[in-house]
Amino acid sequence: MAIHELNFMAHSLMHPTTVKVVLPRIGRPERTVYFLHGVVCDAQNVIDNIEIQYLADKYNMAFVIPNCGNSFYIDHGPAFGNYGKFVGEELVEVTRQRFGLSNSREDTCIAGFSMGGYGAIRNGFKYYNNFGSIIAMSPACLYEKSAPKLSETKFAYFKKVFFDDVFKEKTVPGPFSENYRYLLEQLVEDKKPVPKIYMTCGKEEPLLMLTDDFHDFLEEKNIEHKYIVGDGDHNWEQWSKVFMKAVEWLAEL
């Protein structure tokens, strides 16, 4: 298997970090996917549950999977790590240099599930100059009108302990970089390129109400995107299947 473990000093995080890099076994990768894991997961969980090597070989792609704890891929300052800057800029620069990956935004995708789905949307918009496409599976779209209703679902614990604690006073919409709606509106207003979007969610997931809301917002703003609602709950069984389809979509862009 062409799986590399890269350890380097991440200046955005102010500590060394380890990243999994999966390359096609034959040839140079034409595209790169930066894959963001969910809450209480890590890069190894992704490799253990999704056929990343198969996808790398079939579509001649590289997959870069960082370990980012429960950070939600936003910036927490030097003491706790600027994870948005890390995945949006530093990780891209380091891996492009170390592995000879494409420098083109059109060849570079940011993807993720759950917390990582939020991270993919937020950082895909914020660092649009690096990412030409976004794959968001069951994203925790916390800036939707239905988000408070998560407290009434099986996600209540995660909303209280992770969502609300991580975002603190920024859990309500406002003009700041954690709010992906605001970032998207700024891209449109400034006539900047908006990454292509592929979003999925399962019918049995509490997060479906959030993704439905965000889908409606994208429709309202006339943002081209693909939204798939299929069978399944918030688990690896669903993500492993839908990611296969998502990468197929990416390969056809």
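The following legends describe close-up views of aromatic pairs, a surface patch and salt bridges in a predicted model.

**View 1. An aromatic pair joins strand S7 to helix H8.** The structure holds 23 aromatic pairs. One of them is formed by Tyr198 and Trp249, whose ring centres are 5.1 Å apart. The angle between the two planes is 45°, and the pair is therefore classed as tilted, since planes under 30 degrees apart count as stacked and those over 60 as edge-to-face. Tyr198 belongs to strand S7 (residues 196–202) and Trp249 to helix H8 (residues 236–251), so the contact ties together parts that are 51 residues apart in sequence. Both Tyr198 and Trp249 are buried.

**View 2. Two tryptophans pair within helix H8.** Trp236 and Trp239 form an edge-to-face pair, with 5.5 Å from centre to centre and 85° between the planes. The two residues are three positions apart in helix H8, which is about one turn of the helix. Trp236 is buried, as is Trp239.

**View 3. Ring pairs build a cluster of phenylalanine and tyrosine residues.** The cluster is made of Phe72, Tyr118, Tyr143, Phe163, Phe167, Phe176, Tyr180, Phe214 and Phe217, linked by ring pairs. Two of its members, Phe163 and Phe167, carry numbers that fall in helix H5 (residues 156–167).

**View 4. A lysine lies over the face of a tyrosine ring.** The residues shown are Lys126 and Tyr127. Lys126 is placed 5.6 Å from the centre of the Tyr127 ring.

**View 5. Four residues make a nonpolar patch on the surface.** Val40, Tyr157, Phe158 and Val161 together form this patch, with an area of about 370 Å². Phe158 is part of helix H5, which spans residues 156–167. With a relative accessibility of 30%, Phe158 counts as partly exposed.

**View 6. A salt bridge connects Asp57 with Arg25.** Side chains of opposite charge can pair when their charged atoms come close. The structure holds nine salt bridges. In the one between Asp57 and Arg25, the closest N and O atoms are 2.4 Å apart. Asp57 lies in helix H2 (residues 52–59), while Arg25 lies in the loop between strand S2 (15–22) and strand S3 (31–36), so the pair ties together parts that are 32 residues apart in sequence. Asp57 counts as partly exposed at 29% relative accessibility, whereas Arg25 counts as exposed at 52%.

**View 7. Glu144 and Arg181 meet in a salt bridge.** The N to O distance between these side chains is 2.5 Å. Glu144 is found in the loop between strand S6 (133–137) and H5, and Arg181 in helix H6 (residues 180–189); the pair links distant parts of the chain, 37 residues apart. Glu144 is buried, with a relative accessible area of 4%. Arg181 counts as partly exposed, at 23% relative accessibility.

**View 8. Asp231 and Lys203 form a salt bridge between two loops.** The distance from N to O in this pair is 3.6 Å. This value satisfies the cut-off for a salt bridge, because the nitrogen has to be within 4 Å of a carboxyl oxygen. Asp231 occupies the loop between strand S8 (225–230) and H8, and Lys203 the loop between S7 and helix H7 (208–220), so that distant parts of the chain, 28 residues apart, are linked. Asp231 is exposed, with a relative accessible area of 62%, and Lys203 is exposed as well, with 51%.

Terms used: Residues numbered from 1 in each chain as written. Predicted model: local features only at pLDDT ≥ 70, side-chain atom pairs only at ≥ 80, totals over all residues. Heavy atoms only, no water. Phe/Tyr/Trp six-rings, centres within 6.5 Å; stacked < 30°, edge-to-face > 60°. Helix = DSSP H or I, 4+ residues; strand = E, 2+ residues; numbered from the N terminus. Buried < 20%, exposed > 50% of the residue type's maximum accessible area, 1.4 Å probe, protein only. Lys NZ or Arg CZ within 6 Å of the ring centre and 35° of its normal. Patch = residues over 30% accessible without salt bridge, like charges linked within 9 Å, V, L, I, M, F, W, Y side chains within 5 Å. Areas by Shrake-Rupley, 256 points an atom, 1.4 Å probe, with all protein chains shown as cover.
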